[in-house]
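Subject: Structure handover

Hello,

Please find the structure below, followed by notes on what was found in it.

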Amino acid sequence: MRWVVIGLCTLLNLVLSVQVAHWSVDWLPVAASTAAPYVDGLFSLEVGIGCFIFVGCVGFILWSVLFNRAEKYDESDGLPIEGNTRLEITWTVIPFVVVMALAFYSIHVNEQLASLGPQTKYDVAADQAPGAVAVADTRRDFGPIGVMARQWSWEFVYPNGVRSSELHLPIDQRVNLQLQSEDVIHSFYVPAFRLKQDIVPGSLISYSLTPTRQGRFRLRDAMFSGAYMSVNQSNVIVESEEAYADWLKRTAHQSLQPGLDPGRALYDRRLARGDKGWATVPPAPAPLVNDPGDPSLPHDA
């Protein structure tokens with residue numbers, strides 16, 4: 001009877017864990033790139049395994065409290081059980097199998113991501129103009145689009161010379177981005193794309209991705225790059241090829257103007273309060289762009 005109960009509880013735990021694994025995908029932002037399904041699958045597997053272990057351990061504790069508790073005034077020690085070789089082998093083999101399964105699946109996901117969006121790092125001359133494209137990537141389907149990160153703003157340079165503070169991308173086209181930093185380490189992170197790439201000063205990183213969903217998605221600097229890194233955000237606008245081409249054509253005729261500078265307001269407020277607190281560097285001047293974008297518009301993720 002005991003083994004029947006254990007088997008039924010294990011089966012119930014397995015069913016619950018599979019269901020939670022399916023639910024976990026809905027906890028993430030909308031999926032908007034070809035990389036998202038692979039990352040979501042890995043996340044779902046990890047949540048399912050974690051749920052199975054958690055429910056199993058908590059269930060065992062509750063079972064012990066309810067059905068194997070000591071008598072009210074029993075203060076004696078438990079039985080000195082030692083040398084259970086079978087149990088020791090079991091709790092060694094099971095974690096090993098779980099860890100190795102996750103490792104092999106993670107390697108498979110990384111290989112898939114590398115084939116979908118290859119990235120290459122190049123050294124860049126110190127005197128190269130910020131935002132310039134140093135290397136032409138023959139693997140690209142579209143671009144390259146220069147991405148310049150700085151404290152604390154983003155600037156995007158398109159093949160026809162258009163500059164913007166928000167990144168515009170055509171849907172279902174593999175786009176080559178060439179990432180550079182003007183000062184410290186930044187990180188190009190779009191949660192809806194499930195992609196994150198650190199940007200190292202003095203290097204140009206050729207990075208490719210394919211957006212698969214139209215909408216407005218949030219770009220965040222996921223690397224601590226100074227006092228105002230949390231506001232170093234912008235939008236990624238994924239649109240049809242026709243709308244993207246029309247935007248490029250219209251924007252090319254607009255004169256340069258200051259782009260988004262999200263850290264400036266916080267820095268000015270700091271100065272107005274007497275420049276107190278931890279030392280920080282002043283925000284870089286706002287980049288001059290053809291389209292500064294509209295940060296007030298809502299984003300999908």
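W152 sits in the loop between β2 and β3 (153–157). The peptide bond that leads into W152 from Q151 is cis, with omega near -5°. A second cis bond runs from G143 to P144, with omega near 5°; P144 is part of strand β2. For context, most peptide bonds are trans, and most residues other than glycine have a negative phi.

Please keep in mind that this is a predicted model. The mean pLDDT of the protein is 89, and 93% of its residues reach 70 or more. Residues 129–134 fall below 50, although this stretch has 14 contacts in the model beyond near neighbours in sequence. Where pLDDT is low, the predicted coordinates should not be read in detail.

Backbone: two residues that are not glycine have a positive phi. R194, at about 60°, is in the loop between β7 (186–190) and β8. With 12% relative accessibility, R194 counts as buried. D275, at about 55°, is in the loop between α5 (262–272) and β13 (288–289). D275 counts as partly exposed, at 41% relative accessibility.

Aromatic residues: the structure holds nine aromatic pairs. One of them joins F142 and Y244 edge-to-face, at 5.2 Å centre to centre and with 80° between the planes. F142 belongs to strand β2 (residues 142–150) and Y244 to helix α4 (residues 241–252), so this pair ties together parts that are 102 residues apart in sequence. Y244 is buried, with a relative accessible area of 3%, whereas F142 is partly exposed at 23% relative accessibility. Both rings belong to a cluster in which ring pairs link F142, Y158, Y244 and W247.

Interior: I199 is in strand β8 (residues 195–199) and counts as buried, at 0% relative accessibility. Leaving aside residues up to four places away in sequence, I199 touches A149, W154, L179, Q180, S181, V184, I185, H186, S187, F188 and I205. L102 is 97 residues from I199 in sequence, and their C-alpha atoms are 28 Å apart in space.

Surface: F54, V58, F60, I61, L62, W63, V65, L66 and F67 make a nonpolar patch of about 970 Å². Of these, L66 lies in helix α2 (residues 36–67) and is exposed, with a relative accessible area of 58%.

Regards

Technical notes: Residues are numbered from 1 along each chain as its sequence is written. This is a predicted model: local features need pLDDT of at least 70, side-chain atom pairs count only at pLDDT 80 or more; totals for chains, interfaces and linings use all residues. Side-chain values use heavy atoms; hydrogens and water are left out. pLDDT is the predictor's confidence in each residue, from 0 to 100. Contact means heavy atoms within 4.5 Å. Rings of Phe, Tyr and Trp (its six-membered ring) pair if their centres lie within 6.5 Å; planes under 30 degrees apart count as stacked, over 60 as edge-to-face and the rest as tilted. Helices (H or I, at least four residues) and strands (E, at least two) are DSSP runs, numbered from the N terminus. Buried means under 20% relative accessible area, exposed over 50%, partly exposed in between (1.4 Å probe, protein chains only). Patches are made of residues with over 30% relative accessible area and no salt bridge: like charges are joined within 9 Å, nonpolar side chains (Val, Leu, Ile, Met, Phe, Trp, Tyr) within 5 Å. Accessible areas come from the Shrake-Rupley method with a 1.4 Å probe; for residues, only the protein chains shown count as cover. A salt bridge is a side-chain nitrogen of Lys or Arg within 4 Å of a carboxyl oxygen of Asp or Glu.
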